[in-house]
Structure formats: structure tokens, C-alpha cells
Amino acid sequence: MSNRQPEQNSLKPGKWIKSTCKMCLHSCNTRVHITDEGIINKIEGEPSSPSNNGRLCPKGNAAIMRHYDPTRFKTPLRRTNPNKGPGVDPKWEPISWDEAYDIVGRELKRTRDEDPRKLLPAINNFQKLFLWAWPAAFGSANFFSSVGNFCGGGYHPMNGFVHSAFAAANDVNYCNYWINNGGGDGFSSHLHTAAQANHVAKARIERNMRVVTVEPRLSIGGAKANEWVPIRPATDRQFALGLCHVLVYENLYDAKFLKKDTNAPYLVGPDGYFVRNENGDIYVWDAKDNCAKLWNDPTLKDFALEGVYEVNGVTCRPAFQRFKDILAECTPEQMSKVTTVPAETIRRIAREFAKAAQIGSFIEIEDRILPLRPAAYNYYRGAQGHKYSAMANQSFKLVNFLVGAIDTPGGHVGATLDDQMVEIRGGCGAITPGESGMMHANPHQLHPEVPFSFPPNEVHLMGYFPIGVDPGHLAQETLMNPEKYNLDYRPDTMLLCHSNPMWNISGSRKEWYKIMSGMRFIAAIDILPNESNEWADIILPAHDLLESWNMTMIEPPHHEGMCLRQPATPPIYDTRAEEEIFYELSKRIGILDIWNNILNYVNGFHQKPELLLEADRTYTDREIAERKGKLWNGKDLDWYIEHGHAVTPRRPDKWYRPWDGMRLHFYIEDILKARDDLKQKMEAADVPIRHQWSWGDYQPLPTPVPDPVLLEPAEYDMFAITFKDIQINFGESTSNPWIKDITYNDPVHTSVLINTATAASKGLQTGDVVRIQSPYGSIVARLATSQGVHPETVCVSNALTRVAIQHSGVRVGGGSFNDLLPANLENTDACSGQPETVAKVKLIKLTELPPELLAANSVYAGEKGRMH
Ligand SMILES: Nc1nc2c(c(=O)[nH]1)N[C@H]1C(S)=C(S)[C@@H](COP(=O)(O)OP(=O)(O)OC[C@H]3O[C@@H](n4cnc5c(=O)[nH]c(N)nc54)[C@H](O)[C@@H]3O)O[C@H]1N2
Ligand SMILES: Nc1nc2c(c(=O)[nH]1)N[C@H]1C(S)=C(S)[C@@H](COP(=O)(O)OP(=O)(O)OC[C@H]3O[C@@H](n4cnc5c(=O)[nH]c(N)nc54)[C@H](O)[C@@H]3O)O[C@H]1N2
Ligand code: SF4
Ligand SMILES: [Mo]
């Protein structure tokens with residue numbers, strides 16, 4: 001099956017070129033057929049790629065329809081309508097590039113001269129991570145987006161702590177028992193979907209790998225799983241702690257691994273810090289000699305994991321015992337009350353998982369004898385996107401820790417963001433030794449820590465999140481209450497590139513619109529109209545993926561190597577490459593040298609002097625791409641043009657236990673250090689907001705404390721959740737005719753789904769129109785019922801969440817899902833910056849669709865009175 005070769009099924013004569021998809025942030029290798037007339041008429045998966053193996057998802061094929069989308073931005077545009085608002089026609093007027101650059105360069109320079117912090121940037125192209133660094137060259141550490149934070153606020157720092165990696169995934173090569181908790185991995189979304197779906201399917205066919213999907217909704221992954229476990233939203237941490245309880249209290253854990261490869265035996269004092277000698281070395285307890293010893297004492301006979309001891313007058317216990325104490329309150333029965341998952345199911349899954357993990361087994365791979373642990377707990381956005389996100393992430397990791405399945409064949413394995421950066425730069429993702437035998441923890445996977453400042457330099461308060469991912473949504477909180485946060489400046493300029501914050505950030509649209517209205521100047525680099533760039537003063541139109549150059553690292557987990565994007569046609573409109581636009585703006589603002597310097601650093605070019613960018617020159621997308629390719633394997637662009645990619649299976653030494661000989665952080669003392677360091681800085685600067693800071697969010701081990709969303713008033717008796725799907729990229733690709741065709745004929749994407757019995761108990765039925773009301777906002781939708789939904793859940797597809805914009809192809813839904821979510825401190829993890837992404841809601845039946853939803857481009861258009 002995997003050897004199937006794509007066939008030339010195009011009738012017209014032409015040629016194939018090799019390239020890389022970017023209809024989502026992943027990077028499937030493609031081949032593109034271009035007719036002799038220069039028309040792109042087919043895109044297929046590139047068969048030589050071991051990653052996606054000649055396969056694509058529906059979005060990949062549909063890139064053609066976006067390329068030829070008549071609504072694409074075709075020239076630079078200037079707004080002529082001074083009135084701005086959602087859905088308000090900017091009355092664009094085409095202008096020349098010279099004029100556009102003059103205006104944007106002048107306005108950005110003015111802002112920078114006044115105060116660079118006045119710039120709110122939203123630059124989100126995942127295949128060109130180096131562009132994310134441009135605001136640093138400008139002098140602004142603001143971040144006006146939710147990218148990386150809505151999905152991975154706690155996820156990325158926790159992967160940094162545990163694996164020194166950006167992400168993580170189960171090892172499909174050996175795993176036999178795959179728990180999928182709130183993530184579409186291998187089925188519909190997350191890490192390299194189209195590739196991973198193929199590998200997961202093969203593992204199931206060839207090895208009978210069992211898949212257990214834990215989700216409030218019968219997702220694609222749930223429907224295809226061996227077992228679907230419906231769970232109450234925002235209670236995944238409690239489910240994982242229930243599993244941990246069983247693994248620990250039934251002695252189903254890998255004691256050898258915990259003693260030898262983790263800090264689980266390290267002794268912790270009552271303040272949560274490790275007990276150290278005067279040199280800072282950490283104590284453990286020798287269970288044989290019954291005395292305290294330093295962690296590296298050569299006479300150590302057996303590391304105690306349990307017990308309470310006294311060392312130098314301090315009462316202490318091993319980190320493992322601390323966790324066991326927490327777990328005493330996490331019996332399956334107790335966790336069942338929170339999660340609604342039956343206690344016997346939690347118990348059974350824990351036992352099955354431990355059995356499948358084959359604790360004590362080994363496998364030889366490339367002359368290394370490695371522990372084999374073919375069972376792993378995988379999770380993502382849905383499971384971790386909650387207030388106590390750092391704790392949630394750690395609880396999922398601990399399920400893997402307990403059976404020894406961290407970075408082992410078959411287990412849960414760290415995935416780096418870009419191997420190029422890891423190897424060359426020695427930066428994020430690098431594995432280096434830390435103190436007392438532990439691996440150095442590396443929570444900063446996207447950019448270096450933003451220094452603390454008071455008054456705060458960043459409107460999203462990044463300096464107050466020493467181990468978090470930029471909480472862009474907090475800009476609403478601070479800009480609406482600037483005195484409370486002592487903001488000593490007001491941003492008035494926005495630069496958007498490949499980002500749609502008016503769609504992607506949580507919080508009230510009304511408030512966001514006020515913030516947008518307050519901008520003196522907005523420029524947007526984009527290819528299509530969206531909810532955010534319709535507020536722009538100037539549009540700088542970019543090439544699309546079929547007419548530009550790029551070089552990007554293949555998405556993890558199982559492969560590595562660079563992927564080339566090359567133009568299939570010359571640009572069909574008067575557009576420019578993003579690289580060129582940023583260079584031209586840098587030149588005009590006077591930061592060209594800083595920008596080249598930063599590019600050298602973030603791309604690792606300084607490692608090979610011949611690749612270094614000169615300070616006073618501009619470079620094309622092609623030149624940057626060529627350098628990145630050379631840095632990886634020394635091959636020039638011609639080689640990549642011929643081969644398309646340098647993708648190979650991931651080297652096992654990078655993939656399995658790259659930290660061998662160091663101990664992993666089972667217990668994360670660094671979180672307490674970060675808390676106390678921040679506390680001390682806030683005290684010293686007398687930051688008033690410190691009294692409202694949720695210091696309790698910083699925990700070295702997870703607890704079962706309920707997330708605030710669970711404590712909303714009882715009248716909000718259901719949970720609204722949102723989700724991605726294989727054919728849609730956020731809500732974005734729903735303007736594409738091929739995608740629309742498969743999306744808007746599927747009740748999952750034309751109506752919100754609730755459980756059949758719940759509907760009956762509320763006197764609701766399929767076809768009814770409801771207002772979905774949270775304590776923070778509301779949306780309107782048509783209902784459909786299904787047994788594949790947890791009884792308390794309302795499922796809102798991203799395809800229903802677009803709001804009125806200047807793109808005739810976008811079908812609007814009944815409002816922005818993110819209006820239902822709070823953008824406040826109470827619902828943001830003070831440790832990681834993660835916002836809550838589910839909302840408590842109540843359903844209010846309406847007698848008919850509001851008139852605006854009967855408009856021609858609404859999902860519901862023409863559906864008045866229609867029943868599904
Ligand atoms: N096809 C496709 N692939 C993508 C993307 C895309 O838009 N489309 N986006 C990319 C990006 S940036 C990201 S961050 C990843 C995201 O990848 P995922 O994490 O897989 O994406 P989501 O669909 O947001 O969330 C996963 C699931 O969580 C469920 N869910 C919601 N709330 C809860 C909850 O409280 N508990 C549990 N257990 N489940 C819950 C939803 O039903 C959903 O099916 O995907 C990446 N890949
Ligand atoms: N309700 C809800 N909100 C969410 C999510 C959700 O699932 N539901 N997911 C969250 C997550 S995980 C993330 S990461 C964010 C994502 O949020 P965004 O990054 O804003 O999402 P996208 O829609 O992928 O991209 C934004 C815009 O990029 C433009 N674009 C596309 N291709 C190109 C290109 O080649 N060049 C340029 N210059 N522009 C291009 C398109 O106009 C698109 O509207 O949203 C978050 N917010
Ligand atoms: S998963 Fe689909 S859209 Fe994303 S890169 Fe692969 S083929 Fe393209
Ligand atoms: Mo994301």
C-alpha cells in the first residue's frame with residue numbers, strides 16, 4: 001500500500017515539478033503538474049518522500065483553487081474609506097509598490113522614532129519562522145495573535161522541560177497502545193497530519209496498534225479508534241491523574257526508570273525545593289543503607305522513591321512520594337465524578353496501558369540497547385487548552401513517565417521545531433546537562449525569555465510569563481484597563497502578516513474592534529481578505545505557495561530534512577515575496593543591518609561563514625531558501641530543485657533518549673524558581689497587579705484542582721468546544737470552493753452538534769436555531785443531534801466561526817466562537833499564559849435565524865425552516 005506510485009492522470013501535456021505544500025502549517029512534499037500553457041492542473045504527494053509517502057490531505061490538492069482564487073489580493077491596495085469596522089468595505093484603490101512602500105515605510109518609521117513599543121505585530125507564517133523575529137529588529141516584543149498560545153501555551157514549555165523539545169508525539173514505529181486525548185494526531189490535525197495519518201493507519205494494519213480516543217466528541221480519530229471515551233470538557237487532567245493513581249497504587253510503574261533516569265528520587269523539602277548541601281548538590285535517600293546521600297554518591301545502593309525522611313533537620317520526601325500523596329485524592333472514583341468517565345474505565349485503561357508498555361523490555365536499534373515501551377499517551381490542543389495548562393500537560397507526561405515511555409521506542413517522544421536550529425545553533429531543543437545530574441530544562445522553544453519590566457513593555461505582559469508562550473489575548477485586558485497595568489504608552493500601529501487575530505484570539509470581538517479602531521495605521525501582508533486585514537490602511541499582497549521560494553524543515557515527528565518550495569508558475573498578479581517586503585521595509589526604516597544580523601542568528605547561518613548575510617544588502621526568498629538548504633546538507637538549490645526535499649527517517653540517536661546519562665524532570669522545581677524569581681521582581685518594582693497574580697498556578701507537580709471554567713454559574717449547564725478537521729485549516733480554507741464542497745455538505749460543519757438525549761431533555765431537536773450564551777458572549781447556530789457527543793457538550797466547528805468580511809467566498813457562521821471565551825487573567829494560566837479554550841454555555845431556543853444569517857453568503861443561507 002505504501003509503495004503506491006502516484007500516476008500521471010493529467011490529460012494535458014506538461015511537466016511535473018517538486019515542491020512543498022503549505023495549505024496548512026505542515027510541509028507535505030508535493031509534485032505539481034503544469035500544462036504546456038502554464039496552468040497548474042494537478043497537485044499530488046511526492047512519492048519519494050518517506051514522510052507523506054505520496055499522500056496529501058484535501059487542502060493540499062485544493063491549493064490550485066486558492067492559486068486561481070479571483071478574490072486574491074492582486075496589487076498593493078490603499079484604503080479610501082476612512083470608516084472602519086467588521087464587514088465595512090475599505091473601498092480599496094490599487095496603488096503601485098513604490099507608493100505602498102513609501103506609505104508603510106514612512107508610517108512604520110514614524111512609529112519607531114516615537115516609541116517602537118507602539119507596534120503591535122502579528123506575524124505568523126509557520127514555514128518561515130525567521131519572519132517571527134522581525135519585530136525584534138524593529139524593537140517591539142509585542143505579540144498580537146494567539147498562534148502558539150491558544151493551542152500550546154502550556155504544551156511548548158512543558159515539552160521544553162521534559163524533552164527539551166518544542167512538541168512531542170507517540171512513536172508510531174513501535175507503539176501498540178496509543179491514547180489520543182483531545183488531539184487529532186494521526187487522523188485530522190496536529191503534527192504533520194497527512195503524513196501521520198498514513199503512518200498511524202499502517203501501524204494499525206501491520207501491528208494491530210490499539211487506539212483509545214479520549215474526547216468530548218466523536219471526532220474522526222474517535223470514530224476510527226478501537227475505543228472512544230467521551231469525557232466532560234476541561235477535565236482531561238483529572239482523567240490522566242486517575243490513570244496515574246492506578247499505575248502508582250497498583251504498582252504498575254517502571255521503578256527502575258524513575259530511579260535511574262529521572263529526578264523522582266530527589267528529596268523535596270516542605271517549601272517544594274530540593275534538599276541540597278552547601279554546594280547545591282541534591283540529596284536522595286538510600287533505601288538499603290537507610291540514610292541520605294548525595295545523588296551521585298558512588299556508595300548508593302538503592303534510591304528510595306517513597307517515604308518521609310529528615311535530612312539536616314528538614315523533613316523531606318522523594319519527589320515520587322510527593323506525587324503519590326497528591327494521587328491519594330485522585331482515585332478513579334473521585335476522578336470519575338469530575339470527568340464523567342466511569343471509574344472502571346479509568347482503571348481498565350490504566351491496566352491495559354501498563355500491560356502494553358511491557359515494562360522491563362528492550363530493543364536493539366543501531367547498536368544501542370534501548371528500553372522498548374510500546375504504549376504512549378498523546379494529547380494536544382483540546383486536552384491542554386485550559387486554565388491550568390502547565391499542570392494538565394505535566395499530568396499527561398506523567399502517565400508516560402510512570403511506565404518509562406519517555407523518548408523510548410514505542411513511547412512518547414520529543415519533537416524539535418527545526419532540527420537545523422537545534423544542531424547548528426545549540427539553542428532551543430539542544431540537550432545539555434543541568435545541575436545535579438539533570439538535563440538542563442529548556443522551556444523557551446519559540447524565542448528567548450522576554451525580560452521583566454515595569455511598567456510593562458509588552459501589552460500582553462510577556463515579561464510576566466517567564467516560562468510561558470505569548471498570551472496575545474491579554475492585550476485586551478491591558479488595553480481596556482491601561483491604568484490597572486500601569487501601561488505608559490499606547491500602541492497605535494499594527495503590522496499583520498499571515499495572521500488573522502480578529503478571528504484567532506479569544507475575548508469579546510466588540511472590545512477587539514475598539515482596539516482596532518484606535519490604531520493610527522495598519523498594514524497587512526496577505527494573500528486574501530480576512531477578518532483582520534479588512535481593517536488595514538494598506539495591503540501588501542504576497543505571492544502564494546505556488547509562486548514563491550522557501551526552504552522549511554519537514555514537520556516532526558518521524559522524519560527530518562529540508563523541503564523546498566519552488567514556483568510552479570510565475571506570479572500571476574503584482575505580488576511580492578514576504579522576504580522582499582520585509583527587506584524593503586527594513587531598508588526604509590533603517591534597520592536593514594539589524595534584520596540581517598537577526599536572520600543570520602535565527603537561521604543559524606553564522607555557523608557557516610560562507611552563508612552569512614551581509615549587513616547592508618537585501619536578499620530574495622530564493623537566496624534565503626538556498627542558504628537554508630546548504631546549511632542542512634551542503635547541497636545547492638539545483639540539487640533541491642531536482643530532488644524537492646532532503647527528507648529521511650529521523651536519526652534514532654536524536655529521537656530516542658538523546659539525553660542518555662542525564663536525568664529527566666519528573667518533578668519540575670524550575671517552575672517554583674520561576675515563580676519566586678518573578679515574585680521577587682514584582683515586589684521590588686512594587687507592581688500592583690502582583691496581588692491578583694495566580695501564584696498557585698505554578699506547581700512542580702499537577703494537582704486535581706478544578707479549572708475555573710468548571711466553576712461558572714450552574715445556569716451555564718453545557719460546554720462549548722471548537723475543533724479543526726482534516727479538510728479545514730482553522731476557518732481559513734473554507735473560502736476555497738473544493739474545501740467548501742466537502743465541508744458544507746457535512747452536518748458536522750453546517751450545524752452545532754449536541755447529544756440526542758440532551759436535546760430531548762431540553763425540548764430541542766435537529767434544525768432548531770439556538771443562541772449559545774456563555775458568561776462572556778454569544779453566537780447563534782442551527783442544531784443537529786448525534787449520539788457521538790458527550791451529553792454536556794456543544795460542538796462548534798471552525799467552519800461555522802467566520803464572521804462578515806470582504807471575501808465573497810467566505811460563508812459566515814453565527815458569530816465568532818472566541819467571543820464565548822474570556823480574555824482575562826482569571827482564565828489564563830499564570831504559569832504558561834495558556835487561555836481557557838472551552839466555555840460554559842446555556843442554549844436559548846430562537847424562533848428563527850437572525851436576518852443576517854439569511855444573507856447570501858451565510859452558511860445558513862436559504863435554509864429558513866429547513867430541517868436536516
Ligand atoms: N487539518 C488541520 N490540521 C492542523 C491545523 C488545522 O487548522 N487543520 N492547525 C494546526 C495547528 S496550529 C494546531 S495548534 C494543531 C491542533 O491540533 P489539534 O489539537 O488536534 O486540534 P483541535 O481540533 O483544535 O483540538 C483537538 C480536539 O480536541 C477536542 N476538544 C476540544 N475541547 C476539548 C476538551 O476539553 N477535552 C478534550 N479531551 N478534547 C477537547 C476537539 O473536539 C478536537 O477534536 O493542528 C495543526 N494542524
Ligand atoms: N475559534 C478558534 N480559534 C482559534 C483556533 C481554533 O481552532 N478555533 N485555533 C487557534 C490556533 S491553534 C492557532 S495556531 C491560531 C491560528 O490563527 P491564524 O494564524 O490567524 O490562522 P490562519 O487562518 O492559518 O492564518 C491567517 C491568515 O493567513 C493568511 N495566509 C494564508 N496563506 C498565506 C501566505 O502564504 N502568505 C501570507 N502572507 N498570508 C497567508 C490568510 O489570509 C489567513 O487568514 O488560531 C487560534 N484560534
Ligand atoms: S497536511 Fe494537507 S494542507 Fe497540510 S501540508 Fe500536508 S497536504 Fe498540505
Ligand atoms: Mo496552533
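These are my notebook entries on three ligands, one helix and three residues of a predicted model.

**Entry 1: ligand 1**

I began with ligand 1 and asked how many residues surround it. I counted 34, and the closest are G184, S189, D236, I728 and F730. Next I looked up some of the short atom pairs. A polar backbone atom of G184 sits 2.5 Å from an oxygen atom of ligand 1. For G382, a polar backbone atom is 3.2 Å from an oxygen atom of the ligand. With V214 the ligand partner is a nitrogen atom, and the distance to a backbone N or O atom is 3.3 Å. I then checked how much of ligand 1 is covered. On its own it has 910 Å² of accessible area, and the protein covers 98% of that.

Which elements give two or more residues to this shell? I found strand 9 (210-215), helix 13 (381-384) and strand 27 (718-723). Strand 27 has the largest share, with three residues. I also sorted the shell of ligand 1 by class. It has 14 nonpolar, 13 polar and seven charged residues.

**Entry 2: ligand 2**

I moved on to ligand 2. There are 26 residues around it, and N500, N504, D526, E578 and N818 come nearest. I looked at three asparagines here. N500 uses its backbone: an N or O atom there lies 2.7 Å from an oxygen atom of ligand 2. N798 uses its side chain, where an N or O atom is 2.9 Å from a nitrogen atom of the ligand. N818 also offers a side-chain N or O atom, at 2.8 Å from a nitrogen atom of ligand 2. Taken alone, ligand 2 exposes 910 Å², and the protein buries 97% of this area.

I noted two elements that each supply at least two residues of the shell: helix 17 (501-504) and strand 21 (521-526). By class I found 10 nonpolar, 10 polar and six charged residues around ligand 2.

**Entry 3: ligand 3 and H26**

For ligand 3 I wrote down the whole shell. It is C21, M23, C24, H26, S27, C28, L56, C57, K59, G60 and A194. Seven of these residues are nonpolar, three are polar and one is charged.

I picked H26 from that shell for a further look. H26 is in the loop between strand 1 (14-20) and strand 2. Is H26 buried or exposed? I read a relative accessible area of 8%, so H26 is buried. The cut-off for buried is under 20%.

I then listed the contacts of H26, leaving aside neighbours within four places in sequence. They are C21, Q127, H190, L191, H192, T193 and E555. Two of these residues also make side-chain polar contacts with H26. The side chain of T193 is at 3.4 Å, and that of E555 is at 3.0 Å. H192 is 166 residues from H26 along the chain, yet their C-alpha atoms are separated by 5.3 Å.

**Entry 4: N29**

A little further along I checked N29. It belongs to strand 2 (residues 29-35). Its relative accessibility is 0%, so N29 counts as buried. Not counting residues up to four places away in sequence, N29 touches S19, T20, E44, G45, E46, S49, N52, L56, I554, C563, H645 and V647. One of these, L56, is also in the shell around ligand 3.

**Entry 5: helix 14**

How many residues does helix 14 have? I found 14, covering residues 389-402. From its first C-alpha to its last, helix 14 reaches 20 Å, close to the 20 Å expected at 1.5 Å a residue. I checked burial too. Helix 14 is largely enclosed by the rest of the structure, because 14 of its 14 residues are buried. After the helix comes G404, with a positive phi near 75°.

**Entry 6: G833**

My last stop was G833. Where does G833 lie? I placed it in the loop between strand 31 (793-797) and strand 32 (839-846). G833 has a relative accessible area of 0%, so it is buried. Beyond its neighbours within four places in sequence, G833 is in contact with N149, F465, V469, P471, H473 and T828. I also looked up its distance to P557, which is 276 residues away along the chain. The C-alpha atoms of G833 and P557 are separated by 25 Å.

Key: Residues are numbered from 1 along each chain as its sequence is written. Chains are lettered from A and ligands numbered from 1 in the order in which they are written. This is a predicted model: local features need pLDDT of at least 70, side-chain atom pairs count only at pLDDT 80 or more; totals for chains, interfaces and linings use all residues. Side-chain values use heavy atoms; hydrogens and water are left out. A residue is near a molecule or strand if one of its heavy atoms lies within 4 Å of it. A polar contact is a pair of N or O atoms within 3.5 Å; within protein, one must be able to donate a hydrogen and the other to accept it, and residues adjacent in sequence count only if both atoms are side-chain atoms. Accessible areas come from the Shrake-Rupley method with a 1.4 Å probe; for residues, only the protein chains shown count as cover. Helices (H or I, at least four residues) and strands (E, at least two) are DSSP runs, numbered from the N terminus. Ala, Val, Leu, Ile, Met, Phe, Trp, Tyr, Cys and Pro count as nonpolar, Asp, Glu, Lys and Arg as charged, and the others, Gly among them, as polar. Buried means under 20% relative accessible area, exposed over 50%, partly exposed in between (1.4 Å probe, protein chains only). Contact means heavy atoms within 4.5 Å. The expected span of a helix is 1.5 Å times one less than its number of residues.
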